[in-house]
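Hello,

Here is the structure we talked about. Please open it first, then read my notes below.

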Amino acid sequence: MSGAGELLWSRTAFPWLDMPWLSPSAWRTSFRIICESHAILQTPDLIVDHRCRHLCANELDNYSPIRFKGMNVELSFISGPKNVFSLFRQSRKFSAKASVVIAIDRLFGTPKHLVPSFYDHDDTGYDGKPDSGSRDVAPHLRIHHTVHVQVIKYLSGSGLKPMTNKLMENIAKTMLSSGIGGVWLEMEDLFDFCKLKLLHASINSMFGEYLTALHPDFVDDYWKFDDCTTTLVKGFPSFMVPRSWAARRKCLDSLKHWKAYVEKLVDADGRTFYEGLDPHFGSQFIRQRHEGFNKMEPMNADSIASEDLAIMWA
């Protein structure tokens with residue numbers, strides 16, 4: 001497919017795919033499939049926007065949309081500069097929910113029964129007011145809105161400052177204790193050295209020091225999991241890729257153990273709020289996430305561990 005301004009939306013990428021070429025008359029049907037079948041981006045409002053239809057219709061002779069299907073793969077192309085421009089111009093109507101659902105399921109191993117009944121069921125959107133026409137979801141069960149609010153509050157602006165300061169402090173401590181002195185050292189892999197040291201400092205800044213204290217190999221385990229993400233996202237079952245599943249399981253088990261440990265400390269402490277950093281959970285961001293998740297009846301230790309691994313990987 002030629003031409004400038006080409007978008008590729010994909011769940012995964014496979015070289016072997018059955019490629020049905022869609023005729024111009026099938027445009028509205030294909031776009032509705034893309035929007036409503038969780039092909040990475042959901043834009044239900046966009047399909048009724050006459051401006052987008054008009055712009056796309058003008059380009060159909062040269063840039064017809066194409067959709068690939070194969071097993072559990074959906075791969076869709078929207079091409080042509082005007083088509084792409086019309087979509088970006090209405091980006092506020094886009095939702096990343098579909099990609100979140102795919103990731104929490106395939107990458108981070110949340111319990112399978114929660115994907116359709118909880119994550120996918122919540123179609124209320126990210127805003128404080130539920131989207132028009134959405135399902136009747138209890139306020140405390142709006143998982144996508146809850147996560148969005150926490151990220152905006154604690155990972156941007158003044159809310160991020162305590163964690164940033166702690167990160168710089170941790171990096172300094174890590175480097176000072178790394179054995180690097182006033183003489184040049186020769187290392188086999190500088191990148192490997194940096195990624196291990198920086199991740200350790202980052203985890204301690206966000207999750208506190210108990211996670212790596214309880215599980216000293218967690219940083220190594222995390223990078224083993226990270227190496228498997230391109231395999232896991234394809235949705236292969238465990239018997240086909242046992243090492244990838246095992247790498248993820250080890251991280252999840254460590255996070256479950258850490259959560260149980262720090263919650264005992266919180267109960268013994270009795271204090272409900274610490275400004276900025278939290279001595280048990282590491283940061284207010286992680287503490288508030290856990291308190292919100294604990295109020296959601298469908299959530300359990302397994303699904304919360306998946307959420308922790310997801311925010312760590314993100």
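**Salt bridges**

Lys97 counts as buried, at 8% relative accessibility. Keep in mind that this is a predicted model. Lys97 has a charged partner: Asp120 forms a salt bridge with Lys97, and their closest N and O atoms are 3.7 Å apart. Lys97 belongs to helix H4, while Asp120 sits in the loop between helix H5 (114-119) and H6, so the pair ties together parts that are 23 residues apart in sequence. Asp120 itself is partly exposed, with a relative accessible area of 24%.

Searching the whole structure gives 13 salt bridges. Side chains of opposite charge can pair when their charged atoms come close. Three further cases are worth a look.

- Lys112 and Asp105 meet through their side chains at 2.6 Å, N to O. Lys112 is exposed, with a relative accessible area of 54%. Asp105 counts as buried, at 17% relative accessibility. The cut-off for buried is under 20%, so Asp105 falls on the buried side.
- Glu263 and Lys259 form a salt bridge at 2.4 Å, N to O. Both residues lie in helix H12 (residues 242-269). They are four residues apart, about one turn of the helix. Glu263 is partly exposed, with a relative accessible area of 23%. Lys259 is buried, at 7%.
- Lys166, Glu169 and Lys173 are joined in a network of salt bridges.

**Aromatic rings**

How many aromatic pairs are there? The count comes to nine. Take Trp258 and Phe281 as one of them. Their ring centres are 5.8 Å apart and their planes stand at 85°, so the pair is edge-to-face. The angle has to be over 60 degrees for that label. Trp258 lies in helix H12, and Phe281 lies in the loop between strand E4 (277-278) and strand E5 (282-283). The pair therefore ties together parts that are 23 residues apart in sequence. Are these two residues buried or exposed? Trp258 is buried, and so is Phe281.

There is also a ring cluster. Ring pairs link Phe108, Tyr222, Trp223, Phe225 and Trp313.

**Charges over rings**

Two arginines are placed over aromatic rings. The charged end of Arg248 sits over the ring of Trp245, 4.7 Å from the ring centre. Arg271 lies over the face of Tyr274, and here the distance to the ring centre is 4.0 Å.

**The second largest pocket**

Rolling a probe the size of a water molecule over the atoms shows where empty space is left. The second largest pocket has a volume of about 520 Å³. Its lining is made up of 24 residues. Which of them are closest to the centre of the pocket? They are Val100, Ala103, Val147, Ala310 and Ala314.

Three helices each give two or more residues to this lining: helix H4 (97-107), helix H6 (143-154) and helix H14 (301-313). H4 supplies the largest share, with six residues. By type, the lining divides into 18 nonpolar residues, three polar and three charged.

Helix H4 is a good place to start in the viewer. H4 holds Lys97 of the salt bridge with Asp120, and H4 also gives the largest share of the lining of the second largest pocket. After that, turn to helix H12. Trp258 of the edge-to-face pair lies there, and so do Glu263 and Lys259.

Best wishes

Conventions:
Residues numbered from 1 in each chain as written. Predicted model: local features only at pLDDT ≥ 70, side-chain atom pairs only at ≥ 80, totals over all residues. Heavy atoms only, no water. 1 Å grid on protein atoms, 1.4 Å probe; cavity = no way out; pocket = protein on both sides within 12 Å on 5 of 7 lines; lining within 4 Å. Points joined across faces, edges and corners; volume = space filled by probe spheres on them. Nonpolar A, V, L, I, M, F, W, Y, C, P; charged D, E, K, R; others polar. Salt bridge = Lys/Arg side-chain N within 4 Å of Asp/Glu carboxyl O. Buried < 20%, exposed > 50% of the residue type's maximum accessible area, 1.4 Å probe, protein only. Phe/Tyr/Trp six-rings, centres within 6.5 Å; stacked < 30°, edge-to-face > 60°. Lys NZ or Arg CZ within 6 Å of the ring centre and 35° of its normal.
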